[in-house]
Amino acid sequence: MKNLFNRFRILVHPLCLFSVVGVLTLALIYCHAYVPRVVKVKQVVPFLHATHTDADKVNMPCQGCHIGAERGAGAGMPPVSVCLDCHRHVLADDTRLLPVHAAANMDSPIYTGEPLVWKLSTPLPAHVHFHHSRHAQAGISCAECHPSPDALVQHTMSSCLDCHRKHALPTDCDACHH
Ligand code: HEC
Ligand code: HEC
Ligand code: HEC
Ligand code: HEC
Ligand code: HEC
């Protein structure tokens, strides 16, 4: 019996070790391949798009906050006054919204007028030229490039070129690079 046990140990132990190493290696390869290139920056206010844009929630259009997306190169970030339209009443005493009141609610005792700055997670490098309104005017929806603004995707050169090639649009370097 003891003999059998020893054999068993000899057989199983290295096998076990092997499979553990195997699984770890696979996990590493998997994680490496799927690590998102974008890490969403931490904002002063923990804003969630889903609450504000989902059809069964507030159902606000993207352009309600990102006015530039149809008019100019940059989509832009919403002024805090937009938030106050609702948050003067909705979640009015919620601590998550204190920076909003401090920045823009003159009726609030904590008002300072100190602007609330939203940080960007996915800016393009300075050598790339992108213009929102040209794409909006061509009827391309926000979701084509921003499928879910709460889980940002990295804009890559191939994501631009795939669509440009498909629609016989400019692919010469000068179209996108300064
Ligand atoms: C109620 C206002 C509001 C609405 C409506 C809204 N956004 Fe935003 N959006 C924000 C705020 C505030 C931020 C900055 C905080 C953050 O990153 O989540 C932001 C950030 C973003 C960013 C991040 C850019 C970056 O590089 O960090 C994208 C992309 C974006 N919004 C796209 C959209 C799209 C697409 C829609 C429509 C589905 C939409 N937004 C609707 C307020 C809004
Ligand atoms: C059209 C109305 C409206 C506007 C404009 C609006 N919100 Fe909201 N917001 C809501 C509602 C409704 C909720 C959900 C309230 C609840 O949970 O009871 C909410 C929830 C939130 C929350 C709690 C977390 C979450 O998303 O569920 C935060 C933080 C917030 N909003 C920040 C903002 C900021 C910052 C802006 C401006 C960029 C903004 N909101 C603009 C209506 C609005
Ligand atoms: C063809 C792809 C594409 C479409 C369509 C598009 N975006 Fe963008 N968006 C981008 C790229 C690329 C950036 C990064 C721009 C930069 O850094 O100059 C960006 C950046 C943003 C940002 C960050 C702020 C800024 O101005 O850079 C917001 C907010 C945003 N987009 C919202 C929108 C909304 C809302 C729509 C729909 C009306 C939209 N986008 C349509 C590609 C797109
Ligand atoms: C989903 C499709 C799609 C994607 C993705 C896309 N584009 Fe476009 N792009 C278009 C369309 C359609 C036009 C033509 C608009 C017009 O007719 O004026 C255009 C036009 C342009 C133009 C103007 C070209 C010219 O000389 O007239 C530039 C620059 C541009 N895109 C850059 C970009 C960049 C940079 C990206 C990636 C960050 C990108 N595009 C991603 C569809 C797309
Ligand atoms: C339709 C738009 C578009 C066209 C056309 C285009 N690029 Fe790009 N390119 C981009 C975008 C967007 C990025 C930034 C990608 C990123 O940040 O990952 C980029 C990045 C690059 C980079 C930097 C790569 C890196 O990893 O930082 C080089 C080099 C480059 N492009 C060369 C070219 C050359 C050469 C051509 C012509 C053959 C060209 N591009 C045509 C959109 C374009």
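Hi everyone! Let's begin with ligand 2, where the surrounding shell sorts into 15 nonpolar, 3 polar and 2 charged residues. Before I go on, please keep in mind that this is a predicted model.

So who sits around ligand 2? There are 20 residues in that shell, and the closest are Leu48, Thr51, Pro78, Cys83 and Cys86. Two elements each give two or more residues here: helix H2, covering 49-53, and helix H4, covering 80-87. Which of the elements gives the most to the shell around ligand 2? That would be H4, with 5 residues.

Now please turn to ligand 3. Here we count 22 residues, and those that come nearest are Ala69, Gly74, Ala75, Cys142 and Cys145. Three helices supply two or more residues each: H3 (68-71), H6 (132-137) and H7 (142-145). As for classes, you'll find 11 nonpolar, 9 polar and 2 charged residues around ligand 3.

Last stop, ligand 5. Its shell holds 14 residues, with Val128, Met157, Cys160, Cys173 and Cys176 the closest. Helix H8 (157-166) and helix H9 (173-176) are the elements giving two or more residues, and the largest share, 4 residues, comes from H8. How many charged residues does this shell have? None: the residues around ligand 5 divide into 9 nonpolar and 5 polar, with no charged ones.

If you'd like something to look for on the screen, try finding the cysteines: Cys83 and Cys86 are among the closest to ligand 2, Cys142 and Cys145 among the nearest to ligand 3, and Cys160, Cys173 and Cys176 among the closest to ligand 5. Thanks for listening!

Terms used: Residues numbered from 1 in each chain as written. Chains lettered and ligands numbered in written order. Predicted model: local features only at pLDDT ≥ 70, side-chain atom pairs only at ≥ 80, totals over all residues. Near = placed C-beta within 6 Å. Nonpolar A, V, L, I, M, F, W, Y, C, P; charged D, E, K, R; others polar.
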